[in-house]
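The following exercises are to be worked with the sequence and the coordinates at hand. Each task is followed by a solution in steps.

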Amino acid sequence: MKKIIDTHVHTWNLAQLRLPWLDTEDYLNQTFTEKDYQKAAASDQFSITDAIYMEVDCTPSDREKENKWVLNQCANANSIFKSAVISGDLSDKHFKEYIEKYRFDISGLRQVLHVAEREKGFCLQPTFIQNVRYLGDLGLTFDLSLRNEELSDGYEMAKNCPETRIILNHMGNPNMEMLTQPLNDEKKSYREKWLGNLKKISELPNVYCKISGVMETEKASFEDFSEEIDQVMELFGEDRILYASNFPVIDLGGGLNKWTDFLLKLTESRSESFKGKLFRKNAQAVYFNLK
């Protein structure tokens, strides 16, 4: 049975936290607990032994409440959450004071950039870049989640923060509908640009990539994206790729168990070294050994 570390798990209690982005959701607009995650992850093919809690983009006024809750979870020996990536505002001139309170108890930070209200080029602000560099000074990571169309901005930001380990979320958040067959001229152009941007950012040695974000639809299954996923793994190489489920969002298209089974099958012919790094060892190196 393959032992796995899941590097991207969300849970939330809507009685405690306000998540404005859920206002336009249906299925996701409910409470998801750690027990819900463990139930979804139950399998006789693999065992998820540890997980990284990923911040949930709650309203800023609830940020400290979220941090306190998840740090208590990580301190609980019975919790599957062994560390956390918390939220913060990297454009805030007081960010250093904020992160100092948590630096010894977390693995890193994420600020969601793919939401409509976040303007293009947000991650290129001087204060933002300075604070991402500061995360590296502290031995903390930065999870980069931005619109696919702004991968070039992510590249420029990451290039200016060479001492910070930056983890690109969900293979750059491509529009999966634009990668489905048949590939017309518009889709071919989109695919080439996406892979081209990923190739460019993958050439930065401080950038890692989460193999996640793929959704099944009525028109496409996970298998339909096998070629693209293989290409992304080749671009970043076995030392800079990480398994992630993106629970509970993955429930919208396939589910955690099906996604994991698919990845295990897709990588079946790969070396034991490759599989060990994708599913476990890289997560240990990136999220646990830097603190």
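**Exercise 1.** Determine whether Lys120 is buried or exposed in this predicted model, and identify the acidic residue with which Lys120 forms a salt bridge.

*Solution.*
Step 1. The relative accessibility of Lys120 is 56%. Exposed means over 50%, so Lys120 counts as exposed.
Step 2. The partner of Lys120 is Asp153, with the closest N and O atoms 3.7 Å apart.
Step 3. Lys120 belongs to the loop between strand 4 (108-110) and helix 4 (126-137), while Asp153 is part of helix 5 (residues 151-159); the pair therefore ties together parts that are 33 residues apart in sequence.
Step 4. Asp153 has a relative accessible area of 9%. Because buried means under 20%, Asp153 is buried.

**Exercise 2.** Describe the cavity that Asp153 helps to line.

*Solution.*
Step 1. The count of cavities of 30 Å³ or more comes to 1.
Step 2. The volume of the largest cavity is about 40 Å³.
Step 3. Asp153 lines this cavity together with Leu113, Glu119, Gly121, Phe122, Cys123, Leu146 and Glu150.
Step 4. By class, the lining comprises 4 nonpolar, 1 polar and 3 charged residues.

**Exercise 3.** Characterise the salt bridge of Arg280 with Asp50, and name the network to which these residues belong.

*Solution.*
Step 1. In the salt bridge between Arg280 and Asp50, the closest N and O atoms are 3.5 Å apart.
Step 2. Arg280 is in helix 9 (residues 272-288) and Asp50 in strand 2 (residues 46-54), and the pair links distant parts of the chain, 230 residues apart.
Step 3. Arg280 has 22% relative accessibility and counts as partly exposed, whereas Asp50, at 13%, counts as buried.
Step 4. A network of salt bridges links Asp50, Lys82 and Arg280. The model has 20 salt bridges by the rule applied.

**Exercise 4.** Which helices does the salt bridge of Glu227 with Arg191 link?

*Solution.*
Step 1. The closest N and O atoms of Glu227 and Arg191 are 3.3 Å apart.
Step 2. Glu227 lies in helix 7 (residues 226-236) and Arg191 in helix 6 (residues 185-202), with the two positions 36 residues apart in sequence.
Step 3. Arg191 has a relative accessible area of 13%, and is therefore buried.

**Exercise 5.** Identify the members of the largest nonpolar core that touch the most other members, and trace the contacts of Trp259.

*Solution.*
Step 1. The largest nonpolar core has 86 residues, of which Ile99, Phe142, Met157, Ile211, Ile229 and Trp259 touch the most other members.
Step 2. Helix 8 (residues 256-266) gives the most to this core, with 6 residues.
Step 3. With residues up to four places away in sequence not counted, Trp259 touches Ile211, Ser212, Val214, Phe222, Ile229, Tyr243, Ala244, Ser245 and Ile250.
Step 4. A second core, separate from this one, has 10 residues, including Ile52, Ile167, Leu242 and Tyr287.

**Exercise 6.** Locate Tyr208 and list its contacts beyond its neighbours in sequence.

*Solution.*
Step 1. Tyr208 is placed in strand 7 (residues 207-211).
Step 2. The relative accessibility of Tyr208 is 9%, so Tyr208 counts as buried.
Step 3. Neighbours within four places in sequence aside, Tyr208 is in contact with Arg165, Ile166, Ile167, Leu168, Phe236, Asp239, Arg240, Leu242 and Val286.

**Exercise 7.** Describe the largest pocket, and examine the backbone of Asn173.

*Solution.*
Step 1. The largest pocket holds about 660 Å³ of space.
Step 2. Its lining has 25 residues, of which His114, His170, Asn173, Asn246 and Val249 lie nearest the centre.
Step 3. The lining divides into 11 nonpolar, 8 polar and 6 charged residues.
Step 4. Asn173 lies in the loop between strand 6 and helix 6, and its phi is near 55 degrees, a positive value in a residue other than glycine.
Step 5. With a relative accessible area of 23%, Asn173 is partly exposed.

**Exercise 8.** Where do the prolines of the cis peptide bonds Gln181 to Pro182 and Phe247 to Pro248 lie?

*Solution.*
Step 1. The bond from Gln181 to Pro182 is cis, with omega near -5 degrees; Pro182 is in the loop between strand 6 (166-168) and helix 6.
Step 2. The bond from Phe247 to Pro248 is cis, with omega near 0 degrees; Pro248 is in the loop between strand 8 (241-243) and helix 8.

Terms used
Residues are numbered from 1 along each chain as its sequence is written. This is a predicted model: local features need pLDDT of at least 70, side-chain atom pairs count only at pLDDT 80 or more; totals for chains, interfaces and linings use all residues. Side-chain values use heavy atoms; hydrogens and water are left out. A nonpolar core is a set of buried Ala, Val, Leu, Ile, Met, Phe, Trp, Tyr and Cys residues joined through side-chain atoms within 4.5 Å. Buried means under 20% relative accessible area, exposed over 50%, partly exposed in between (1.4 Å probe, protein chains only). Helices (H or I, at least four residues) and strands (E, at least two) are DSSP runs, numbered from the N terminus. Contact means heavy atoms within 4.5 Å. A salt bridge is a side-chain nitrogen of Lys or Arg within 4 Å of a carboxyl oxygen of Asp or Glu. On a 1 Å grid over the protein atoms alone, a cavity is a set of points where a 1.4 Å probe fits but cannot get out, and a pocket is an open set with protein on both sides within 12 Å along at least five of seven lines; lining residues have an atom within 4 Å of a point. Grid points are joined across faces, edges and corners, and a volume is the space filled by probe spheres set on the points. Ala, Val, Leu, Ile, Met, Phe, Trp, Tyr, Cys and Pro count as nonpolar, Asp, Glu, Lys and Arg as charged, and the others, Gly among them, as polar.
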